[in-house]
Amino acid sequence: MAALETMRTQLEKKLKEFQGVQKDLQKTASTRNQLDVQLNENKIVKELELLETDANVYKLTGPVLVKQDLDEAKANVGKRIEYIDGEIKRQDATIKDFEEKQEKSRKELTTLQQQFQQAQAKATGKA
């Protein structure tokens with residue numbers, strides 16, 4: 001009977017670990033989606049390239065529009081897109097790691113569940 005309790009404890013521990021990995025994966029995927037939205041927004045802003053060199057460009061700073069140099073605005077948008085692309089790659093790598101951990105944890109959990117059920121059946125058969 002003590003062996004069943006030990007197995008139950010291991011099973012619960014593994015289940016909590018699995019749920020933690022799932023939660024981390026969901027959080028990372030959500031962050032990745034936000035980065036996608038930001039990237040798309042910045043690609044739209046990238047259309048500054050189409051403006052003529054003497055066009056007026058304004059940047060929203062708090063509640064105020066501040067005039068900004070066109071070349072500086074283009075450079076800022078380019079840097080922002082580059083940064084977001086890097087963050088997306090980093091998030092993709094993190095997601096891949098979490099997916100691998102999740103699959104490993106799922107296999108271990110399944111194995112423990114089967115072992116627990118077999119041990120339970122044996123204990124019921126002996127009783």
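Exposed means over 50% relative accessible area, and buried means under 20%, with partly exposed in between. Keep those cut-offs handy for the exercises below, and bear in mind that this is a predicted model.

**Exercise 1. Work out whether Lys-122 and Gly-125 are buried or exposed, and place them in the fold.**

Start with Lys-122, which is found in helix α2. Its relative accessible area is 59%, so Lys-122 is exposed. Next, check what lies across from it in sequence: Lys-122 and Thr-6 are 116 residues apart along the chain, yet their C-alpha atoms are 15 Å apart in space.

Now do the same for Gly-125, also a residue of helix α2. Gly-125 has a relative accessible area of 62%, so it counts as exposed. Pair it with Gln-38 and you get 87 residues in sequence and 60 Å in space, C-alpha to C-alpha.

**Exercise 2. Find the largest nonpolar core and say which elements build it.**

Step one is to list the members. There are 10 residues: Leu-35, Leu-39, Leu-48, Val-57, Leu-70, Ala-73, Val-77, Ile-81, Ile-84 and Ile-88. Step two is to sort them by element: α1 (2–45) and α2 (70–126) are the elements that give two or more residues to this core. Of the contributors, α2 gives the most, with 6 residues.

Step three is to look for a core elsewhere. Apart from this one lies another core of 7 residues, among them Leu-4, Leu-11, Leu-109 and Phe-116.

Finally, zoom in on one member of the largest core. Leaving out residues up to four places away in sequence, Leu-48 touches Val-57, Leu-70, Ala-73, Lys-74 and Val-77.

**Exercise 3. Take the salt bridges of helix α1 and describe how exposed each partner is.**

A bit of background first: side chains of opposite charge can pair when their charged atoms come close. In this model the count comes to 8 salt bridges.

Begin with Glu-17 and Lys-14, whose side chains meet at 3.2 Å, N to O. Both lie in helix α1, 3 residues apart, which is about one turn of the helix. Glu-17 has 38% relative accessibility, so it counts as partly exposed. Lys-14, at 14%, is buried. The pair doesn't stand alone, either: Lys-14, Glu-17 and Glu-108 are linked in a network of salt bridges.

Move on to Asp-36 and Arg-32, which form a salt bridge at 2.6 Å, N to O. They are 4 residues apart in helix α1, so about one helical turn separates them. Asp-36 is partly exposed at 28%, while Arg-32 is buried at 17%.

**Exercise 4. Describe the salt bridge between Glu-49 and Lys-46.**

First, the distance: the closest N and O atoms of Glu-49 and Lys-46 are 3.6 Å apart. Then the accessibility: Glu-49 comes out at 42%, so it is partly exposed. Lys-46 has a relative accessible area of 34%, so it is partly exposed too.

**Exercise 5. Compare the UniProt record with the model for residues 88–122.**

Look up the record: the unreviewed UniProt entry lists residues 1–28 and 88–122 as "coiled-coil region". Then turn to the model, where residues 88–122 are 100% helix and 0% strand. To finish, check the span from end to end: the end C-alpha atoms of residues 88–122 lie 50 Å apart.

Conventions:
Residues numbered from 1 in each chain as written. Predicted model: local features only at pLDDT ≥ 70, side-chain atom pairs only at ≥ 80, totals over all residues. Heavy atoms only, no water. Core = buried A, V, L, I, M, F, W, Y, C linked by side-chain atoms within 4.5 Å. Buried < 20%, exposed > 50% of the residue type's maximum accessible area, 1.4 Å probe, protein only. Contact = heavy atoms within 4.5 Å. Salt bridge = Lys/Arg side-chain N within 4 Å of Asp/Glu carboxyl O. UniProt positions renumbered as here; feature names shortened; annotations may be inferred.
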